Amino acid sequence: MNTNTTTNVLLQWSAPERPLVERGRVWFAIIGLFALLAAVWSIVTAAWTLSIVIILSGAMYFQHLKIHAQNRRIEIKKEGISVNDVCTPWEICSGFWIYKHGTQYMLHIEKSRGWDREIATVIEDQDYREVATILSAFLPYQATRRENILDSIIRICKL
């Protein structure tokens, strides 16, 4: 069965891998100051390996911030959800939920098995209610699920 035909596609959009976050000069100053104080403290206490980890982690994180989130193609098909032509069948999915992340809506689809237990994507150029209606035909909507605590901390700290 060819799953790449457009007749099987119920809805499609392109969206970045993660929500875009605006970070200002104050944010960079606070994070830089925190990293500098942690590095100085680890040097003063002679924790040299911690100093190296702090410096390298800071450098890697700021390098990561320079890389923009890649756009990826999301397709909701009759047989599953496809992210960049990698289709996950509905049989291994256990449910979905949608919540608002700033001005954007986030879609989460939970898998019942596999290494990567969740598909998370930004809903862009689509009405989130239409996405929910289409997905409801295949998966149960988990109304009680929300953003997990780690994602909340990352969003609040703009990490």
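The largest nonpolar core in this structure has 24 residues, and Trp13, Leu107, Ile109 and Val131 have the most contacts inside it. By nonpolar core I mean a set of buried Ala, Val, Leu, Ile, Met, Phe, Trp, Tyr and Cys residues joined through side-chain atoms within 4.5 Å. Buried is under 20% relative accessible area, exposed is over 50%, and partly exposed is in between, with a 1.4 Å probe and protein chains only.

Two or more core residues come from each of strand E1 (9–16), strand E2 (71–77), strand E3 (80–83), strand E5 (93–101), strand E6 (104–111), strand E7 (118–123) and helix H3 (128–136). E5 gives the largest share of this core, five residues. The element names follow DSSP runs, numbered from the N terminus: helices are H or I with at least four residues, strands are E with at least two.

Before going on, the caveats. This is a predicted model, in which local features need pLDDT of at least 70 and side-chain atom pairs count only at pLDDT 80 or more, while totals for chains, interfaces and linings use all residues. Residues are numbered from 1 along each chain as its sequence is written, and side-chain values use heavy atoms, with hydrogens and water left out.

Back to the core. What is Val131 in contact with, leaving aside its neighbours within four places in sequence? The list is Leu11, Trp13, Ile76, Ile98, Leu107, Ile123 and Gln126. Contact here means heavy atoms within 4.5 Å.

Next, Thr121, which lies in strand E7. Thr121 is buried, at a relative accessible area of 1%. Not counting residues up to four places away in sequence, Thr121 touches Trp13, Ala15, Arg72, Ile74, Tyr105, Met106 and Leu107. Trp13 and Leu107 are thus among the contacts of Thr121 and also among those of Val131. From Thr121 to Ile98 the C-alpha to C-alpha distance is 9.8 Å, with their positions 23 residues apart in sequence.

Gln142 sits in the loop between H3 and H4. Is Gln142 buried or exposed? With 18% relative accessibility, it counts as buried. Outside a range of four places in sequence, Gln142 touches Ser94, Gly95, Phe96, Trp97 and Glu110.

Now the cysteines. A disulfide is taken as a pair of cysteine sulfur atoms within 2.5 Å, and by this rule the count comes to zero. Cys87 is in no disulfide, and the nearest cysteine sulfur, in Cys93, is 8.9 Å away. Seen from the other side, Cys93 has its closest cysteine sulfur in Cys87, and the 8.9 Å between them is too far for a bond. Cys87 is partly exposed, at 29% relative accessibility, whereas Cys93 is buried, at 9%.

Cys157 is found in the segment after helix H4 (149–156). Cys157 counts as partly exposed, with a relative accessible area of 35%. Cys157 and Ile31 are 126 residues apart in sequence, and their C-alpha atoms are 9.8 Å apart in space.

Ile31 brings us to the second largest pocket. Eleven residues line this pocket, and Ile31, Phe34, Ala35, Ser57 and Gly58 lie nearest its centre. The space in the pocket is about 190 Å³. For the method: on a 1 Å grid over the protein atoms alone, a pocket is an open set of points with protein on both sides within 12 Å along at least five of seven lines, and lining residues have an atom within 4 Å of a point. Grid points are joined across faces, edges and corners, and the volume is the space filled by probe spheres set on the points.

Helix H1 (25–44) and helix H2 (48–66) each supply at least two residues of this lining. H2 gives the most, six residues. By class, the lining has nine nonpolar residues, two polar and no charged ones. In that count Ala, Val, Leu, Ile, Met, Phe, Trp, Tyr, Cys and Pro are nonpolar, Asp, Glu, Lys and Arg are charged, and the others, Gly among them, are polar.

Last, backbone angles. Most residues other than glycine have a negative phi. Asp85, in the loop between E3 and strand E4 (86–89), has a positive phi near 65°. Asp125, in the loop between E7 and H3, also has a positive phi near 65°. Asp125 is exposed, at a relative accessible area of 70%.

How values were computed:
1 Å grid on protein atoms, 1.4 Å probe; cavity = no way out; pocket = protein on both sides within 12 Å on 5 of 7 lines; lining within 4 Å.
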